[in-house]
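Work through the exercises below with the structure open beside you. Try each task before reading its solution.

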Amino acid sequence: MKKHKHRQETEAVRGGTDLSRKHAPLATPIYQTSTFEVTDNEQQVRATGTDAYYTRYGNPTNSVAEGAIAELEGTDAALLFASGMGAITSSILALLKSGDHVVAQRDIYGGAIKFLSEWLPKLGVETTFVDTTEYEQHARAIRPNTKLLYLESPTNPTLRVVDLRKAAALAKQHNLISLIDSTFATPINVRPAEYGIDLVMHSGTKYYGGHSDLICGIVAGRKDLVDQIRDTRTTLGGILDPHAAWLLLRGIKTLAVRVQRHNLNALRVAQYLARHPKVKQVHYPFLEDHPQHALALDQMQGGGGVVSFEVDGTGADARRLTESLHLFTLAPSLGGVDSLVCMPALTSHLTVPAEQRAKMGITEQLIRISVGIENAEDLIADLEQALAVVSASPQHAEVGR
Ligand SMILES: Cc1ncc(COP(=O)(O)O)c(C=O)c1O
């Protein structure tokens with residue numbers, strides 16, 4: 001764990017840049033180049049593998065963004081990938097070999113489930129999925145060949161919260177590498193490295209980018225592990241393009257203030273939904289009836305911008321509700337300044353078998369909203385009118401009887 005020089009708001013805006021530069025551009029230049037010139041072959045050899053060699057290995061614009069992320073996460077180093085899935089797959093392929101075993105939470109992003117359960121077995125790596133918050137089950141699943149503990153918190157889409165102290169202690173005790181997908185939390189709400197988690201992964205597409213205009217993946221962590229993953233990234237070729245790295249860097253500058261506003265808006269919206277008679281259940285870590293509410297308060301600065309809820313009605317009612325919203329745009333993804341809505345069973349978890357989806361609590365009535373940074377009252381008014389459409393529908397009246 002590295003020490004933080006500044007507070008989060010300062011790290012977000014100024015992180016990764018050399019503050020002593022004079023007469024240099026304030027904004028980081030985009031090194032939109034595939035290759036770098038050298039003066040002679042000796043310098044060529046020295047440049048190999050640096051960020052001034054060939055952009056599949058690294059790029060100065062990317063390095064500034066990676067430095068800013070490492071500062072925010074409090075880790076030795078960070079790496080950028082062309083997508084969150086690129087970060088997940090490259091990291092796992094870097095760390096595991098045939099014959100190894102993974103223990104993974106049941107509640108994780110659908111793409112990660114597909115990779116662990118369909119792709120890794122082809123390479124001779126098995127995964128045991130365990131109940132997300134049952135740590136004794138995690139311990140029982142560990143075998144002599146287990147190498148990786150794969151975590152996600154809060155989980156997509158049911159917002160379960162992992163006890164980072166327990167998970168990190170378990171990994172240390174059994175000599176496992178711990179990797180957490182911290183996309184929903186962001187380093188503004190929690191820094192898993194501070195709890196001893198080895199690798200922190202993000203879909204940078206979401207809060208880090210923050211404007212729904214780029215696709216990006218991030219892995220931050222211990223230098224020895226990051227070096228191993230960097231080498232694999234170069235071989236698999238999944239580095240982020242420098243232009244997207246620049247957009248990401250611009251997003252990072254407002255990460256702290258955006259997330260603080262997402263936290264406030266999402267809590268207001270979650271409290272409103274929890275009181276609504278047409279809503280059966282709301283999932284949000286900072287609501288008092290959340291199963292890990294005390295843990296969330298202890299571990300997180302805010303509950304994040306994602307809320308999910310079950311409509312008291314049919315799957316058709318839930319679909320109608322999502323189609324009746326005006327300010328919440330019907331689209332997959334999350335974490336941008338614009339509010340979005342989607343049905344997890346039809347988007348993020350469409351490829352997960354129905355039986356497994358049911359175990360994860362992803363029903364036909366479950367709706368996920370990504371609460372943006374608009375005015376919370378306007379967002380609540382939009383939900384109010386859409387919920388009125390649902391309660392007025394004939395199907396809903398039948399279910400209610
Ligand atoms: C929690 C989580 N992890 C990983 C991913 C994958 O990221 P990407 O779409 O950037 O590949 C997503 C995408 O929705 C996600 O929500």
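**Exercise 1. A residue in a helix with an unusual backbone angle**

Thr-186 is found in helix α8. The model is predicted. State the sign of phi at Thr-186, and decide whether Thr-186 is buried or exposed.

Solution.
- Step 1. Recall the background: most residues other than glycine have a negative phi.
- Step 2. Read the angle. Thr-186 is not a glycine, yet its phi is positive, at about 65 degrees.
- Step 3. Count neighbours. A residue is buried when 20 or more other C-beta atoms lie within 10 Å of its own. Thr-186 has 29 C-beta neighbours inside 10 Å, so it counts as buried.
- Step 4. Place the helix. α8 (186-189) supplies at least two residues of the side of domain 1 that touches domain 2.

**Exercise 2. The loop between β4 and α7**

Search the loop between β4 (146-152) and α7 (164-173), where Pro-154 lies. Find which peptide bonds are cis and describe Leu-159.

Solution.
- Step 1. Take Pro-154. The bond from Ser-153 to Pro-154 is cis, with omega near -20 degrees.
- Step 2. Move along to Pro-157, which is in the loop between β4 and α7. A cis bond joins Asn-156 and Pro-157, and omega there is about 5 degrees.
- Step 3. Set this against the general rule: most peptide bonds are trans.
- Step 4. Turn to Leu-159, found in the loop between β4 and α7. Leu-159 is not a glycine, but has a positive phi of about 60 degrees.
- Step 5. Check burial. Leu-159 has 27 other C-beta atoms within 10 Å, so it is buried.

**Exercise 3. Two residues compared**

Classify His-283 and Lys-223 as buried or exposed. Then list what each one touches beyond four places in sequence.

Solution.
- Step 1. Locate them. His-283 is in strand β8 (residues 279-283). Lys-223 lies in helix α9 (residues 223-236).
- Step 2. Apply the cut-offs: 20 or more neighbours for buried, 12 or fewer for exposed. His-283 has 24 other C-beta atoms within 10 Å, so it is buried. Lys-223 has 12, so it is exposed.
- Step 3. List the contacts. His-283 touches Thr-158, Leu-159, Ser-308 and Phe-309. Lys-223 touches Asp-76 and Ala-77.
- Step 4. Compare sequence with space. His-283 and Thr-158 are 125 residues apart in sequence, but their C-alpha atoms are 5.9 Å apart. Lys-223 and Gln-260 are 37 residues apart along the chain, and their C-alpha atoms are separated by 30 Å.

**Exercise 4. Two domains and a core**

Name the domains and describe how they meet. Then find which residues of the largest nonpolar core touch the most other members.

Solution.
- Step 1. Take the bounds. The domain assignment gives domain 1 (8-253) and domain 2 (256-394). Their C-alpha centres lie 27 Å apart.
- Step 2. Count the contact: 31 residues come from domain 1 and 35 residues from domain 2.
- Step 3. Look at the domain 1 side. α1 (8-14), α5 (110-119) and α8 (186-189) each supply at least two of its residues. That side divides into 13 nonpolar, 11 polar and seven charged residues.
- Step 4. Go to the core. It has 110 residues, and Ile-218, Val-219, Leu-248 and Val-307 touch the most other members. Helix α11 (residues 255-275) gives the most to this core, with nine residues. The core draws at least three residues from each of the two domains.
- Step 5. Zoom in on Ile-218. Its contacts beyond four places in sequence include Ile-69, Leu-80, Met-201 and Tyr-208.

**Exercise 5. The ligand shell and the whole fold**

Which residues come nearest the ligand, and how compact is the protein for its length?

Solution.
- Step 1. Inspect the shell. Of 13 residues around the ligand, Ser-83, Gly-84, Met-85, Ser-203 and Thr-205 come nearest.
- Step 2. Sort the shell: three nonpolar, nine polar and one charged.
- Step 3. Count the secondary structure: 16 helices and 12 strands.
- Step 4. Test compactness. The radius of gyration is 22 Å, close to the 21 Å that the globule rule gives for 401 residues, so the protein is as compact as a globular protein of that length.
- Step 5. Add the extent. The C-alpha trace spans about 80 × 55 × 35 Å along its principal axes.
- Step 6. Finish with burial: buried residues make up 50% of the 401 residues.

Methods: Residues are numbered from 1 along each chain as its sequence is written. This is a predicted model: local features need pLDDT of at least 70, side-chain atom pairs count only at pLDDT 80 or more; totals for chains, interfaces and linings use all residues. A nonpolar core is a set of buried Ala, Val, Leu, Ile, Met, Phe, Trp, Tyr and Cys residues joined through C-beta atoms within 7 Å. Helices (H or I, at least four residues) and strands (E, at least two) are DSSP runs, numbered from the N terminus. Domain bounds come from an automatic or database domain assignment. Two residues are in contact if their C-beta atoms, placed from the backbone, lie within 7 Å. The radius of gyration is taken over C-alpha atoms; the globule rule is 2.2 Å times the number of residues to the power 0.38. A residue is near a molecule or strand if its C-beta atom, placed from the backbone, lies within 6 Å of it. Ala, Val, Leu, Ile, Met, Phe, Trp, Tyr, Cys and Pro count as nonpolar, Asp, Glu, Lys and Arg as charged, and the others, Gly among them, as polar.
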